[in-house]
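Let's take a friendly walk through the inside of this protein, starting with its core and then turning to how the helices sit together.

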Amino acid sequence: MKIHLPTKLLVLLIFLLAGMFRLWGVNWDQNHHLHPDERFLTMVGIAMKEPATFAEYLNPATSKFNPTNIGYPFYVYGTLPIVLTKLTVDSFNTTSYDMFTITGRILTAIADLLILLLVYKIMRLFEKHYKLPKQIALWAMVAYALSVLPIQLSHFFAVDLYLTLFLFASLYGMLKFTFEQQNRFLLFSAVAFGCAVSCKITALIFFTLLIILFYHAVIHEHMRRPFRFKALYRPFAMLCLYGIVVYITLRV
């Protein structure tokens, strides 16, 4: 006799399995700090000081969240992951060198679990709009949950999974906009992409894919009709708004 489990229960079980693999052995090097990128990020994070005001935070010349101002001018990553980790350890009053790294690893694992959910959500969109066989999204979720590289990266305090998380989020938002034509998803995609760039500058390469999706969602539809310059005003304005939101998000 076949037992059919509810989809939500299957998603939960896969999520818990993935969480076990990603959070098990989080202190794998027993506080010896063997990963060079982790050591560097931890050193920068420990040296950071929370700005007294938001205006000070926004001023790169004075902000203590700017690695250049605390003796690390050769900081080559984005600051979103390290600032998030710094705010977390400060809020829990666990600012020791060892705990900073452990907290960073836990947050990285959480970021990867969010990626897992986005994999499921994106594949559900494909199931719905491209008439794919059912359960494809669940199998995609299983595949990512058991993949070795994400499990390995989840044990490192680094920026790679943050970058992947926000790129997947921007892709999800753009796909939702493409399929449903709701502007709020376009704004969500812009905010997520701004966060991705604030994790690592190489996120800009991904912008090509987002532009292609935007073209097929908006501009391509207008080009199929009799050509009028006025018809391009709205797509152009939306694209400009997207860029503005990305910049504001990155700046903050």
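In this predicted model, the largest nonpolar core has 50 residues, and those with the most contacts inside it are F166, M174, F177, L186, F193, F214 and Y242. A nonpolar core here is a set of buried Ala, Val, Leu, Ile, Met, Phe, Trp, Tyr and Cys residues joined through side-chain atoms within 4.5 Å; buried means under 20% relative accessible area (1.4 Å probe, protein chains only). Among the elements giving two or more residues to this core are those below; helices are DSSP runs of H or I, at least four residues, numbered from the N terminus.

| Helix | Residues |
|---|---|
| α1 | 7-23 |
| α5 | 97-129 |
| α6 | 136-145 |
| α9 | 183-197 |
| α10 | 207-223 |
| α11 | 233-251 |

The largest share, 12 residues, comes from α8. Because 15 of its 21 residues are buried, α8 is largely enclosed by the rest of the structure. After α8 comes Q181, with a positive phi near 55°.

Leaving aside neighbours within four places in sequence, F166 is in contact (heavy atoms within 4.5 Å) with L80, A192, F193, C195, A196 and C199. A second, separate core of 12 residues includes L41, I70, I82 and V89.

L41 also appears where α2 meets α5: the contact involves residues including L41, M43 and I46 of α2 and Y97, F100 and R105 of α5.

A note on the numbers: residues are counted from 1 along each chain as its sequence is written. Local features need pLDDT of at least 70, side-chain atom pairs count only at pLDDT 80 or more, totals for chains, interfaces and linings use all residues, and side-chain values use heavy atoms, leaving out hydrogens and water.
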